[in-house]
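Student: I'd like to learn how to read a two-chain model. Could you walk me through it, starting with a single residue pair?

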Amino acid sequence: MARRSAPEVNAGSMADIAFLLLIFFLVTTTIETDAGLNRKLPPLEPPTENPPVLREKNIFEVVVNKNDQLLVEGQLAQLKDLRQLAVDFLDNGGGVGKEACNYCKGRRDATSSDNPEKAVISLQNDRETSYKTYIAVQNELVAAYNVLRNRESQRLYGQDFTEMYAAYNDPKTPSSLKDELKPKVEAIQALYPQKLSEAEPKSN
Amino acid sequence: MSKFKKKKGSELPAISTASLPDIVFMLLFFFMTVTVMRENTLLVKNALPIANQVQKLDKKDRVIYIYAGKPMQQYVKAYGGEAKIQLNDKFANISDVAPYVLAEIQSKREELRDLVTTALKVDGETNMGLVSDIKQELRKVNALKINYTTRTGDAFNNLD
């Protein structure tokens, strides 16, 4: 038999086909943003219930007005300072006796919060506050908690809390690793529980 | 001296485009993997605010999306320039949020119903009044897990 070389197939139109497919995907799909700040809303409670009594010094008051200005603990503040102010408040550890906080590294100011378990951040905004300012403030407050949680997590387990928490929540993480992470995550969350309450917005 | 014989045709050979499809396929696969099919056509402006303390959303089958923002330019005449809520390809009023969320929860598989997260995709320029109203509605139907969907970046970029 004579050896014949196979004729070359013309692949010139392959690029066109691929381009067609590419353009189809470009127009029908989007790059989805699937990350954000997770929050939990408080359940609606019957109005008769008495609100728990909190001591004034354990409340960190953040107010955002309709001009997107910040009032922190009664004083005008800039957004860039908010994180540090919140960290100082949460980490103050001013309590004595049973309420002392042995892992806090704050100033132990008697007029600020007793310990992180008692400390509550109260956020109030106006109905005309812009959403992006609100998110920026929320972001800074969550960051304050994360700073402290990461610090304790580094001290106790040698890794960041945010990393552990992301791995713990990731559905791809094997359950053996999750079981290992669960007590650690819960321990850190117990050291610095996120107590961020939001008041009903004012309208004026 | 056949080694130095000049080639016969002096024309340049055609440039091979055989690798062009490969390159395009590479692009195609990139887009196929990083994007998802569009679910809703956006009727509202949706420039999400920026935050950096973000957590990834759960799997898609346990997320309900609520969009809000000012209507796009072409709808301003019909719906006005005020910020609106969008549910499922349609503009909606605040009173529609609770039934919509309930219906969405009902449509999920039973074991996922407690895990449902509501993702709020709200335009950065929206007033908090609208967002608070949505949150009130969500509290009424006990859909308490929410996620303020944001882009990832430095939060201070929100302010300018």
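Tutor: Sure. Bear in mind that this is a predicted model. Let's start with Y65(B), which stands opposite A119(B) in strand 7 of chain B.

Student: Which strands pair there, and in what sense?

Tutor: To read a pairing, look at the sense and at the bridges. Here strand 4 (residues 63–69) of chain B pairs with strand 7 of chain B in the parallel sense, over six bridges.

Student: What order do the strands take in the sheet?

Tutor: Walk across from one side to the other and note the chain letter each time. You get 3(B)-2(A)-8(B)-7(B)-4(B)-5(B)-6(B), an open sheet of seven strands with mixed pairing. Strand 2 of chain A sits in that order between strands 3 and 8 of chain B.

Student: Which are the edge strands?

Tutor: Look for strands that pair on one side only. Those are strand 3 and strand 6 (90–92), both of chain B.

Student: Where else do strands of chain A and chain B join?

Tutor: Try strand 1 (residues 29–30) of chain A. Two bridges join it to strand 1 of chain B, and the two run antiparallel. On the residue level, T29(A) is opposite M37(B).

Student: Now the interface. How many residues does each chain bring to the contact?

Tutor: Count both sides, then turn to area. Chain B gives 57 residues and chain A gives 53. Together they bury about 5200 Å², with 62% of that on carbon and sulfur atoms.

Student: How many salt bridges and polar contacts are there between the chains?

Tutor: There are three salt bridges between chain B and chain A. One of them links the side chains of R127(A) and D133(B), at 2.9 Å from N to O. As for polar contacts, 23 residue pairs count, both residues being at pLDDT 80 or more.

Student: Which element gives the largest share of chain B's side?

Tutor: Helix 4 of chain B does, with eleven residues. Other elements giving two or more residues include helix 1 (20–34) and strand 8 (145–149) of chain B. By residue class, chain B's side divides into 30 nonpolar, 14 polar and 13 charged.

Student: What does the UniProt record say about residues 12–32 of chain B?

Tutor: Read an annotation first, then set the model beside it. The unreviewed UniProt entry annotates residues 12–32 of chain B as "transmembrane region". In the model that span is 62% helix and 0% strand, and its end C-alpha atoms lie 38 Å apart.

Conventions. Residues are numbered from 1 along each chain as its sequence is written. Chains are lettered from A and ligands numbered from 1 in the order in which they are written. This is a predicted model: local features need pLDDT of at least 70, side-chain atom pairs count only at pLDDT 80 or more; totals for chains, interfaces and linings use all residues. Side-chain values use heavy atoms; hydrogens and water are left out. Contact means heavy atoms within 4.5 Å. Buried area is the accessible area (1.4 Å probe) that two parts lose on being put together, summed over both. A salt bridge is a side-chain nitrogen of Lys or Arg within 4 Å of a carboxyl oxygen of Asp or Glu. A polar contact is a pair of N or O atoms within 3.5 Å; within protein, one must be able to donate a hydrogen and the other to accept it, and residues adjacent in sequence count only if both atoms are side-chain atoms. Helices (H or I, at least four residues) and strands (E, at least two) are DSSP runs, numbered from the N terminus. Ala, Val, Leu, Ile, Met, Phe, Trp, Tyr, Cys and Pro count as nonpolar, Asp, Glu, Lys and Arg as charged, and the others, Gly among them, as polar. Two strands pair if DSSP finds at least two bridges between them. UniProt positions are given in the numbering used here, feature names are shortened, and annotations may be inferred rather than shown by experiment.
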